[in-house]
Amino acid sequence: MRRRNASTAALLATVLFLLPLGVQGGAQARDLADLMKDRFPVAQGEATPDDSDQTVLARFYRGRGLKPLWVEHGEANAAARTVLTVLGHADEDGLNPNDYAPASLTAQQGHLDSPEAQAAFETNLTLGLVHYASDVSVGRIIPTLADPELVIDRPPFDRAQFLGGVASATDLGTLLSGLAPHRPEYAALKAALAHYRQMKAAGGWPTIPPAPKAPPAPPPPPADPANPTAPAPKPEKTSDALKPGMIDPRVPALRARLVATGEAKPLPVPLPKGTNPELYDDALATAVKEFQRRQGQEPDGAIGKRTLVELNATVDQRINQIIVNMERWRWEREPADQPYLVVNLADYTLSLMRGMDVQMTMRVVVGAPFTRTPVFIGNMSYMELNPYWYVPTKIAKEEILPKQKKDHSYVVKNHYTLLSDWTSNAVPVDPSSINWATVTERNFHWRVRQDAGNDNSLGRIKFMFPNKFDIYLHDTPSKRLFDRAVRSFSHGCIRVQDPPNLALAILALTDTPGWPEEKLRAEIGGDSLKHQTIRLKNRLPVHITYITTVTDPDGGIDFRTDVYGRDARVLAALNGPRPRKPVVPAAVPAAAPTPGSAPNAAPNTVPAASGDAPKAPETPKPSVQGARTGATPAPAAAPVPATTPAPANANPAR
């Protein structure tokens with residue numbers, strides 16, 4: 001489970017317990033109001049250089065005349081006890097209760113026998129509550145610091161407004177219980193977190209060993225006994241996969257594993273006569289196919305390497321995966337009753353939404369592990385019919401040039417046009433006029449454009465939401481990849497399964513006139529190659545997300561392979577130091593950084609809005625085997641290696 005930040009919490013509690021300088025032997029004569037005044041010296045409305053927690057709390061308490069919120073008649077009041085209960089159960093939302101010091105606050109609650117102790121308790125409890133409220137509402141970490149490929153801003157959290165609501169609340173418990181996202185996906189994850197923790201307490205599930213290594217086969221006899229030097233026939237390929245109908249000693253462990261998570265039923269006790277518990281029977285095959293479906297794999301019933309990796313993911317790994325995705329949902333803004341489009345890269349799906357209602361879903365193909373599609377939010381403003389594809393230089397040099405050198409008609413046959421340069425005045429160049437034997441990647445200077453048509457790599461429609469990554473949605477002439485369960489094969493852009501119907505739905509949801517279905521289909525079907533731009537009447541928000549848990553039809557959750565290795569980075573940030581400044585009483589010097597803390601943001605990351613930021617965890621390097629093969633990368637809790645390839649950019653396509 002998650003590493004506890006006990007040292008951070010202890011340091012914070014120690015700092016806040018310290019008395020203001022100058023409060024010595026005469027402190028016994030001072031009352032709580034005087035001590036609160038020393039802790040919060042900022043006058044209401046006074047301009048301050050930052051919006052630190054200290055400043056927000058100072059304005060709040062000054063605004064209420066330094067009247068305590070949690071202490072009455074020298075004791076913690078009912079509201080304080082409610083807050084302590086909520087903080088103590090923060091782990092139910094995948095948060096670390098130690099971040100809010102409920103244990104030390106509970107201990108302080110029983111010793112409020114002096115104004116000094118009351119002031120420390122009052123300040124500590126308000127600080128813990130503000131941090132908890134922010135974390136459970138909009139997320140604990142800053143996404144870009146956790147992973148530079150998460151180019152999103154958390155929704156804002158107004159601490160002053162929240163404290164004002166707390167002070168005036170008639171039902172504090174209801175107010176605090178409503179802080180978490182009001183989404184069915186989040187509720188499903190919260191329920192799943194409790195369920196998987198119960199499974200952990202019960203012992204989790206067994207692992208399934210790999211197939212035993214077979215002894216080396218004897219050398220085959222020569223193909224022709226009369227001619228011993230003749231080549232022998234190649235041996236047939238064998239597979240270690242466990243398949244239905246086989247008898248194997250691993251079957252009981254497989255059944256126990258699936259019984260633990262509900263896909264399979266245990267064998268009856270006692271076993272019926274003639275039952276072989278090592279037989280991979282039809283009932284178990286059905287359970288395996290259901291498990292594979294829930295993992296987003298091909299449901300073929302064969303236990304190969306990828307399925308075995310998912311089966312052997314531990315209960316702790318699944319708990320961490322749930323916690324990571326609860327954090328991701330906290331970054332999402334609550335949807336209003338308006339249309340928007342969501343692409344879940346980890347699930348290879350697109351959903352067209354209006355508020356919480358799904359209008360349309362379809363499969364997509366996303367960036368390969370070495371050309372990963374980043375996470376960001378854009379606004380779709382137009383569509384292009386019969387688009388050109390201006391091939392990125394890297395693709396032109398590394399992919400098209402070798403094919404053209406091998407077959408000098410390749411460019412023409414695939415409907416590419418060579419342009420003299422990259423200016424608006426560029427003119428077409430006849431490929432036959434070029435001596436391709438002398439062309440290398442270094443001296444290749446032409447711009448390559450693929451003409452509109454059914455063979456164009458962007459298909460017949462391109463959906464544009466301008467962004468710095470030059471990522472867009474588009475059609476494709478190659479439809480076969482949509483039949484695969486794992487669909488991470490593109491250079492970074494997102495191919496959609498049914499572009500015409502997506503276009504029609506977008507036109508309707510954005511109230512864009514002038515494009516009835518018959519007209520649109522006529523322009524993108526048949527022989528029409530006219531390049532046209534359709535400006536949307538209303539922009540359509542586009543959320544490129546990465547969620548490795550998805551809600552199933554029964555309200556539970558299914559898991560997806562972390563194909564880009566992003567779960568580990570978010571988990572590392574969740575277990576790291578808080579990216580905020582602690583509240584320090586004004587008269588007490590700030591404590592020195594704890595050993596191992598990072599006082600500054602890491603290079604090439606977005607600095608925190610306020611306070612020092614932790615260093616971003618290093619990005620794992622995808623497996624070479626995983627690129628374009630559908631091979632399963634390491635599970636979410638795997639160690640994080642040290643290098644990272646750049647995310648997709650520069651007009652990627654295909």
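This passage describes the overall make-up of a predicted protein model, the packing of two of its helices, and three residues with unusual backbone geometry.

In the predicted model, the secondary structure of the protein comprises 19 helices and 17 strands. Of its 654 residues, 50% count as buried. When contacts between residues at least 6 apart in sequence are considered, 72% of them join residues that are at least 24 apart.

Helix α5, which spans residues 102-109, has as its buried residues Pro102, Leu105 and Gln108. These residues lie on the same side of α5, because the arc that they cover around the axis is only 120°. An α-helix has 3.6 residues a turn, so residues three or four places apart point the same way.

Helix α5 packs with helix α6, formed by residues 115-138, at an angle of about 150°, and the axes of the two helices are 10 Å apart. Since angles over 145 degrees count as roughly antiparallel, α5 and α6 are therefore roughly antiparallel to each other. The crossing of the two helices is left-handed. On the side of α5 the contact is made by Leu105, Gln108 and Gln109, while α6 contributes Ala120, Phe121, Asn124 and Leu125. By character, the residues of this contact of α5 with α6 comprise four nonpolar and three polar residues, with no charged residue among them. Leu105 and Gln108 thus appear both among the buried residues of α5 and in the contact with α6.

The backbone also deserves a description at three places in loops. Most residues other than glycine have a negative phi, and most peptide bonds are trans. The peptide bond that leads from Val269 to Pro270, however, is cis, with omega near 0°, and Pro270 is placed in the loop between α11 (251-260) and α12 (282-294).

Tyr348, although not a glycine, has a positive phi of about 55°, and this residue lies in the loop that runs between β3 (339-344) and β4 (349-354). With a relative accessibility of 6%, Tyr348 counts as buried, the cut-off for a buried residue being under 20% relative accessible area. A positive phi, of about 65°, is likewise found at His415, which is not a glycine either. His415 belongs to the loop between α16 (410-413) and β8 (416-419), and its relative accessible area of 38% makes it partly exposed. Of these two residues with a positive phi, Tyr348 is thus buried, whereas His415 is partly exposed.

Methods: Residues numbered from 1 in each chain as written. Predicted model: local features only at pLDDT ≥ 70, side-chain atom pairs only at ≥ 80, totals over all residues. Heavy atoms only, no water. Buried < 20%, exposed > 50% of the residue type's maximum accessible area, 1.4 Å probe, protein only. Helix = DSSP H or I, 4+ residues; strand = E, 2+ residues; numbered from the N terminus. Arc of directions from axis to C-beta. Axes fitted to C-alpha atoms, helices over the stretch in contact; angles between N-to-C directions. Parallel < 35°, antiparallel > 145°, perpendicular 65-115°, else oblique. Left-handed = near helix turned anticlockwise from the far one by under 90°. Contact = heavy atoms within 4.5 Å. Nonpolar A, V, L, I, M, F, W, Y, C, P; charged D, E, K, R; others polar.
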